Amino acid sequence: MSEQRQGKEAVSAIKGTKDILPREARNWQQVEAFVKSSFELYGYREIRTPVFEATELFEKGTGQTSDIVTKEMYTFTDKGGRSITLRPEYTPSVVRAIIEHRLYLQPEPLRFYFSGPMFRYDKPQKGRYRQFHQVDIEVFGESDPAIDAEIIEMADHLLKKLQVRETETLVNSVGCEKCRPDYLRELRAAAAAVSASLCADCQRKVNTNPLRIFDCKVEACQELSRNFPEITGYLCQECEDHFRRFRSYLDLYQIHYRIEPRLVRGIDYYTKTTFEIVASKLGAQNAILGGGRYDNMMKEFGGPDICGIGFAMGMERLLSVVRLEKKADEFLYLAHMGDEAKKEAIELARYLRREGLECLLEFKDRGLKSQLSRASKLEAAWVLIIGEEEIRKGRYQLKEMRTGAQTEAGREEILRMLRRASA
Ligand code: AMP
């Protein structure tokens, strides 16, 4: 192939990334707006942090033995020689921001939400992308298990409102630094006994962090791990208590759940509660959202001893299961004939747009018939016809596309009529 031809070959989007085209983007906007306003109802406020951070933030936060840090980060050296990582998850960034801006000294509740892209070099498949989007909430300084249940209730309410059906709530406790070492000893012994049958990755995990074997996607490893000891049998009094009270609050909210003792959730920092909401319709990648408690992260990052809990929800997965009311865009198409009419249309569109009405004005040289058929194809709610006669009178033909009814009206009348119709 000649160099010239090569240069003309179309460049495609990178594997594992996806364009969100305008029709789809409408649904995204609708869901994002709804999700954000739901979080606000529970006292959460938006926080926005940079897309890239120092690599060590995630090594320290997400954890050296997690799949995210060992295999999935988009890490590069910038021109200043610093190691930078595109955020693979959100929690470490918000913890960093709280410490950096000393937000814990302010009177407002430490409840945050966030929405934006995440990056993981994972194997792309349906429901799993390399750039994906999460909405996320985090609460700090609430150690009472009532909050663990409240955030699940918030997610549950939101999913119901978006008409997501056939979901299941899975809960677990992964213990704390007091009770986990005993469990890990037993788990390591059980995993070591079947080590030869585990994948190479899991064989390494037997020594580094056997808990991470539960995250493995290899069928044989998942099968073997079903016979491993369960953490819920090893919880200390405090964790046991927390887990019991957490479930009693879920009962209070009448939220059905299933205890899933293998739900360790891929990330090293969790303490006590972990949970996921899965949707049967999603297939292999069935988790819509997941989260848990992380009582030590702030302290380990050099901040005050403030506990934390949160969850992240995948927008691509959420959008594939929500049912949205179809909302047509209500807009006015301005059809104009001739140079003078074009100027009049420009002036009218400017006036109506300033009054908050959506107008579409196109500048291709088309006859009236062709403009009307275009307006109909675009599903315009109204068409305004502007010709020489209309300019002379200062009154225009307004056609309602749904009924075909046509009236003559001046600019203020048009504004009033369209406002009334879209109210
Ligand atoms: P995690 O941060 O791994 O706990 O994931 C939280 C949620 O983000 C999951 O329940 C998914 O909905 C979504 N998610 C995680 N990884 C991906 C991915 N690679 N592609 C699409 N969605 C993802």
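This is a short tour of three helix pairs and a ligand site in a predicted model.

Residues are numbered from 1 along each chain as its sequence is written, and side-chain values use heavy atoms, with hydrogens and water left out. Because the model is predicted, local features need pLDDT of at least 70 and side-chain atom pairs count only at pLDDT 80 or more, while totals for chains, interfaces and linings use all residues.

**Stop 1: the ligand.** Select the ligand and the residues near it (a heavy atom within 4 Å). You should find 13 residues surrounding the ligand, the closest being Arg120, Tyr129, Arg265, Ala287 and Ile288. Now look for polar contacts, pairs of N or O atoms within 3.5 Å. In the side chain of Arg265, an N or O atom is 2.2 Å from a ligand oxygen. The side chain of Gln134 has an N or O atom 3.0 Å from an oxygen of the ligand. At Tyr129, switch on the backbone: one of its N or O atoms there lies 2.9 Å from a ligand nitrogen.

**Stop 2: α2 and α6.** Helices here are DSSP runs (H or I, at least four residues), numbered from the N terminus. Select residues 22–41 for α2 and 145–161 for α6; their axes come within 11 Å and cross at roughly 145 degrees. Axes are lines fitted to C-alpha atoms over the stretch in contact, with angles from 0 to 180 degrees between N-to-C directions. The crossing is right-handed, that is, the near helix is turned clockwise from the far one by less than a right angle. Show side chains to see Phe34, Val35, Ser38 and Phe39 of α2 meet Met154, Leu158 and Lys161 of α6, where contact means heavy atoms within 4.5 Å.

**Stop 3: α7 and α8.** Next, select residues 180–193 (α7) and 200–208 (α8), whose axes come within 9 Å and cross at roughly 150 degrees. The two helices are therefore roughly antiparallel, a label for angles over 145 degrees. Arg188, Ala191 and Ala192 of α7 make the contact with Val206, Asn207 and Thr208 of α8. α7 passes α8 in a left-handed crossing.

**Stop 4: α13 and α16.** Finish with residues 339–354 (α13) and 411–422 (α16): the axes come within 11 Å and cross at roughly 45 degrees. These helices are therefore oblique to each other, a class left for angles that are not under 35, over 145 or from 65 to 115 degrees. The crossing of α13 and α16 is right-handed. On α13, pick Glu347, Leu348, Tyr351 and Leu352; their partners on α16 are Arg411, Glu412, Ile414 and Leu415.

Key. Polar contact = N/O pair within 3.5 Å; in protein donor to acceptor, adjacent residues only side chain to side chain.
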